[in-house]
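Work through the following exercises with the coordinates open, and attempt each task before reading its solution.

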Amino acid sequence: MSSEQPAREFSGTVARYRKLAWLCGLGTHAYLYVGMFLIEYVWHDRAWIVRWPAIVTACASALVFSRLCYVSFMSGDARWGKGSRWNMVSTRVKLPEERS
Amino acid sequence: MEAVRQALAPYYLELKAIHLFAVMAWIWSTSVAYVYYVVPVFKAWRRNPQDLEVIALRDWVMDRFDRGVIIEHIAFPVIIVTGPLLYWVGGWDTSATWLTLKLLIIAGIIVPIECFDYHLSHFAGNKRKAAARGGPEERERKLHQHWWFLLLSTPYIIFFLLIIVFLAVTKYGIST
């Protein structure tokens, strides 16, 4: 247990979470779209991947995923997200540890 | 090789059953521990970053979680072996759109996530090993790294596992 020393500050901030959410959403979908484009259009000569339904679906999915990332990061980090209503109950406990 | 494929072909459904068992263990084995133990203590720590009682609990929960992911990390290699076997034995190829997208997600998103997860849970990133190697500072550094990893990978797991399972079940095809 490392309960003897004070914890150093975690480096997550709202601005960083927002930036990472966009990066994850757009980067991941760019990778998937380019991958599918190469396999479907270039390799198999299938045109569906360059038509508007596929492009709109990819863009919408990227936006939804970016939003999910941001909400997930923020709710996971209770400094800004959910978790403020919990009570902190101080109690003395014994934590089981395996013999090393 | 063709003889091996022919010999395995009658066992395609058995291979698929093993693959599915492993997928179920991989997807769900850590979910309760993560949602109801890891996340609450990390939330408590973020609200009270200097509280030594919270830090002690956080460290203990993380140690147990490092051990608990063993089920997931035994299941994953089974998936990685049986998946390509099914592809090969079943005669699949990249003409199946659903499979192409699924494999792109697995190869480019899931495998890197799992590699990093192995590193953080069992190898140099393991908190117990980090403490033994570099003391409390190193342990704390690895713990922060692991929390970053969990924060970043959670939306990927939620979003892309739904898509993977949907594609595998529906075998959604898009014609030219």
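Two residues are in contact when they have heavy atoms within 4.5 Å of each other, and helices (H or I, at least four residues) and strands (E, at least two) are DSSP runs numbered from the N terminus. This is a predicted model, in which local features need pLDDT of at least 70 and side-chain atom pairs count only at pLDDT 80 or more, while totals for chains, interfaces and linings use all residues. Residues are numbered from 1 along each chain as its sequence is written, chains are lettered from A and ligands numbered from 1 in the order in which they are written, and side-chain values use heavy atoms, with hydrogens and water left out.

**Exercise 1. Describe the fold of chain B.**

Begin with the secondary structure: chain B has 7 helices and 0 strands, which gives the pattern α-α-α-α-α-α-α along the sequence. Next, take the extent of the chain, whose C-alpha atoms fill a box of roughly 60 × 35 × 25 Å along the principal axes. Finally, consider burial (under 20% relative accessible area, 1.4 Å probe, protein chains only); buried residues make up 48% of the 176 residues in chain B.

**Exercise 2. Characterise H4(B) and its surroundings.**

First compare its length with expectation, which is 1.5 Å times one less than the number of residues: H4(B) has 17 residues and reaches 24 Å from first to last C-alpha, close to the 24 Å expected. Then look at its start, where a side-chain oxygen of Asp51(B) comes within 2.9 Å of the backbone nitrogen of Glu53(B). The buried residues of H4(B) include Val54(B), Ile55(B), Trp60(B) and Phe65(B), and also the charged-type names Arg58(B) and Asp59(B). What covers the buried residues of this helix includes H3, H6 and H7 of chain B.

**Exercise 3. Analyse the interface between chain B and chain A.**

Start with its extent: 50 residues of chain B and 53 residues of chain A take part in the contact, and the two chains bury about 4800 Å² between them, 62% of it on carbon and sulfur atoms, where buried area is the accessible area (1.4 Å probe) lost on being put together, summed over both parts. Proceed to the salt bridges (a side-chain nitrogen of Lys or Arg within 4 Å of a carboxyl oxygen of Asp or Glu); the count is 5, and Arg128(B) and Glu97(A) form a salt bridge at 2.8 Å, N to O. As a last step, assign the side of chain B that touches chain A to its helices: H3, H4, H6 and H7 of chain B each supply at least two residues, and H7(B) gives the most, with 16 residues.

Methods
Buried < 20%, exposed > 50% of the residue type's maximum accessible area, 1.4 Å probe, protein only. Polar contact = N/O pair within 3.5 Å; in protein donor to acceptor, adjacent residues only side chain to side chain.
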